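Please open the model in your viewer and display it as a cartoon. The tour below proceeds from one selection to the next.

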Amino acid sequence: MGVTFSSLWSRLFSKRETKVLILGLDNAGKSTILYRITMGAVVASAPTVGSNHEIYDYKGVRFGLIDLGGQSSLRSSWSQYFADTEAIILVIDSNDAARLSLAKTELQKLTKADELRSSLLLVLANKQDLPAEEGRLTPAQVSEALGLTDLREREWQIMGCSALTGLGLMEGMDWLVTKLEAK
Ligand SMILES: Nc1nc2c(ncn2[C@@H]2O[C@H](COP(=O)(O)OP(=O)(O)O)[C@@H](O)[C@H]2O)c(=O)[nH]1
Ligand SMILES: [Mg+2]
């Protein structure tokens, strides 16, 4: 078996990446969350075409965070990224009640995918900074609409968050670290 210099280098000097896919419908806030977590700031970004990949070291875990475009034309290519995924962060726009059933349909496809059988699932009920009076749903309402309690044989967690204020994001990462360590 040949060992190239670059693979030897990466084995010696870099930690293994824990692959995490950030998925969800377009406009849910996936890219804003990615940059909020990795850069600690809100970075304006155009709708994602293809993917954004960032490495993030947190509490001893080297996360390889991959944010995929969520428009319907791009969702069909998500499965190309499934292999070796240790966790999925499913981002939901809590202010978009009208598309929750579509988000549920996408979640059901993910939970049926063989390659994601043992992936952890962190659902982020994003945009919690928006007022409830204008239709923003609570994490409990999002959980109910997605049917999370019906999920069998999968470790999952739902967390309310806001990519704009940072609320809830690191708590979500903490849950992932705890579960990854227990694996
Ligand atoms: N109020 C509010 N707006 C958000 C939040 N997160 C993202 N957005 C906005 O939602 C829009 C879509 O965000 P983006 O990250 O591009 O979504 P993506 O398509 O899932 O990557 C942008 O205008 C963001 O500024 C949030 O927590 N609260
Ligand atoms: Mg995006």
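Select strands S4 (residues 87-93) and S5 (residues 120-126), which pair in the parallel sense over 7 bridges; two strands pair if DSSP finds at least two bridges between them, and strands are DSSP runs of E of at least two residues, helices runs of H or I of at least four, numbered from the N terminus. Within this pair, Asp93 stands opposite Asn126 in S5. This is a predicted model, in which local features need pLDDT of at least 70 and side-chain atom pairs count only at pLDDT 80 or more, while totals for chains, interfaces and linings use all residues. Residues are numbered from 1 along each chain as its sequence is written, and side-chain values use heavy atoms, without hydrogens and water.

Next, widen the selection to the open sheet of 6 strands, ordered S2-S3-S1-S4-S5-S6 with mixed pairing. Its edge strands, S2 (51-58) and S6 (156-160), each pair on one side only. From one strand to the next, the twist averages 20° (angles run from 0 to 180 degrees between N-to-C directions of axes fitted to C-alpha atoms, for helices over the stretch in contact).

Now add helix H6 (residues 169-182), which lies across S1, S2, S3, S4, S5 and S6 and runs at about 175° to S5; contact means heavy atoms within 4.5 Å. Helix H2 lies across S1 (18-23), S2, S3 (61-68), S4 and S5, at about 30° to S2.

Keep H2 (residues 30-39) selected: with 3 residues, this helix gives the most to the lining of the largest pocket.

Note on methods: Chains are lettered from A and ligands numbered from 1 in the order in which they are written.
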